[in-house]
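Here is a set of exercises to work through at your own pace. Try each task before you read its solution.

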Amino acid sequence: MTDGRLSVEMIEPKRKLRVTFNGDKFKSDLHYDGRYEVFDYKQCPGAGESPLGQIGRWPLPYNHLVQGLYVKGSVEINGKSHKLDAIANRDHSWGMRNEMVFEWHYWTGINFKDRFINFCAIKDITAEPPIKHGGGICSDQGNVAICRIVVREDPPGAEVPKNIYYELEDVSGKIHKLIFHSGEALGPVYFPNRPVEEGLVYEMLDLWGQWTDETTGEIGWGLNEVGRMKTDAEAKGNYAR
């Protein structure tokens with residue numbers, strides 16, 4: 001599949017793919033290999049009722065898959081080539097995405113030495129109850145769904161907190177405590193603000209950096225995304241970042 005510049009080749013479904021890009025100032029040739037099996041958000045316990053029907057009972061109101069990956073290849077920027085041999089992750093949605101019904105959300109993708117963790121916590125203003133939690137812990141032993149998430153920012157209400165603390169409970173009852181060191185992370189990268197209604201926008205920002213498993217002390221690396229509904233005046237300063 002290609003548009004002449006960007007090409008995606010599915011070598012082995014849900015396991016191996018190649019992505020290339022041939023631009024004027026940027027070129028890449030990247031080979032991805034799944035670390036573990038794909039996690040489907042439909043593996044999460046269903047939430048409450050939703051006007052979207054059965055699919056709206058899950059944390060994300062559309063079909064969504066995630067996967068931890070290995071990536072190898074090269075990236076060329078302004079004629080300078082860089083080799084890559086690292087860990088990565090990907091996610092993919094099917095159907096209509098409408099984050100404008102979210103009051104806020106947290107979204108992650110974290111690679112530890114022996115596992116990949118992805119989870120989200122969402123306040124969906126169309127759902128009852130409005131708070132939805134979900135995600136998965138993927139390893140050689142298989143996938144375990146996450147059913148409850150508690151989030152605490154330090155300091156609370158900061159645009160980019162020093163740390164974000166997550167307490168996760170999986171469907172077996174096991175508790176996992178993670179810290180994202182957002183104050184030391186790369187970013188933030190702001191998405192274009194999405195208009196919600198007159199005077200309101202939905203703002204999303206991504207950070208990449210170090211995670212710590214509080215229980216074991218292990219270090220992981222990955223993404224932390226935060227979305228918030230704001231007034232246009234509150235978000236205006238972020239258009240230019």
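**Exercise 1. Decide whether K14 is buried or exposed, and describe its backbone.**

Step 1: K14 has a relative accessible area of 52%. Buried means under 20% relative accessible area, exposed over 50%, and partly exposed in between, with a 1.4 Å probe and protein chains only. K14 is therefore exposed.

Step 2: Find K14 in the loop between β1 (6-12) and β2. Strands (E, at least two residues) and helices (H or I, at least four) are DSSP runs, numbered from the N terminus.

Step 3: Look at the backbone angle: phi of K14 is near 60°, a positive value although the residue is not glycine. Most residues other than glycine have a negative phi.

A word on the source: this is a predicted model, in which local features need pLDDT of at least 70, side-chain atom pairs count only at pLDDT 80 or more, and totals for chains, interfaces and linings use all residues. Residues are numbered from 1 along each chain as its sequence is written, and side-chain values use heavy atoms, leaving out hydrogens and water.

**Exercise 2. Treat N78 in the way you treated K14: where does N78 lie, and what is its phi?**

Step 1: N78 sits in the loop between β5 (63-77) and β6.

Step 2: Its phi is positive, about 50°, and N78 is not a glycine.

Step 3: With 60% relative accessibility, N78 counts as exposed.

**Exercise 3. Find the two prolines that follow a cis peptide bond, starting from D154 and G187.**

Step 1: Recall that most peptide bonds are trans.

Step 2: The bond from D154 to P155 is cis, with omega near 0°. P155 belongs to the loop between β10 (142-154) and β11 (163-170).

Step 3: The bond from G187 to P188 is also cis, with omega near 5°. P188 is in strand β13 (residues 186-190).

**Exercise 4. Work out which parts of the chain are tied together by the salt bridge of R18 and D29.**

Step 1: Side chains of opposite charge can pair when their charged atoms come close. A salt bridge here is a side-chain nitrogen of Lys or Arg within 4 Å of a carboxyl oxygen of Asp or Glu. The structure holds 14 of them.

Step 2: R18 and D29 meet at 2.9 Å, N to O. R18 lies in strand β2 (residues 16-22) and D29 in strand β3, so this pair ties together parts that are 11 residues apart in sequence.

Step 3: Check the surroundings: R18 is partly exposed at 29% relative accessible area, and D29 is partly exposed at 23%.

**Exercise 5. Follow two more salt bridges, those of E218 with R115 and E203 with K230.**

Step 1: In the pair of E218 and R115, the closest N and O atoms are 3.2 Å apart. E218 is in the loop between β15 and β16 while R115 is in strand β8 (residues 115-124), so the pair ties together parts 103 residues apart in sequence.

Step 2: E218 is partly exposed, at 26% relative accessibility, whereas R115 is buried, at 12%.

Step 3: E203 and K230 meet at 3.0 Å, N to O. This pair links strand β15, home of E203, with strand β16, home of K230, 27 residues apart. Both E203 and K230 are buried.

Step 4: Salt bridges that share partners join D114, R115, D213 and E218 into one network.

**Exercise 6. Describe the largest pocket: what is its volume, and which strand gives the most to its lining?**

Step 1: A pocket is an open set of points on a 1 Å grid over the protein atoms alone, where a 1.4 Å probe fits, with protein on both sides within 12 Å along at least five of seven lines; lining residues have an atom within 4 Å of a point.

Step 2: The largest pocket has a volume of about 510 Å³, where volume is the space filled by probe spheres set on the points, which are joined across faces, edges and corners. Of its 17 lining residues, I87, A88, N89, W208 and L223 are the closest to the centre.

Step 3: β6 gives the most to the lining, with 6 residues.
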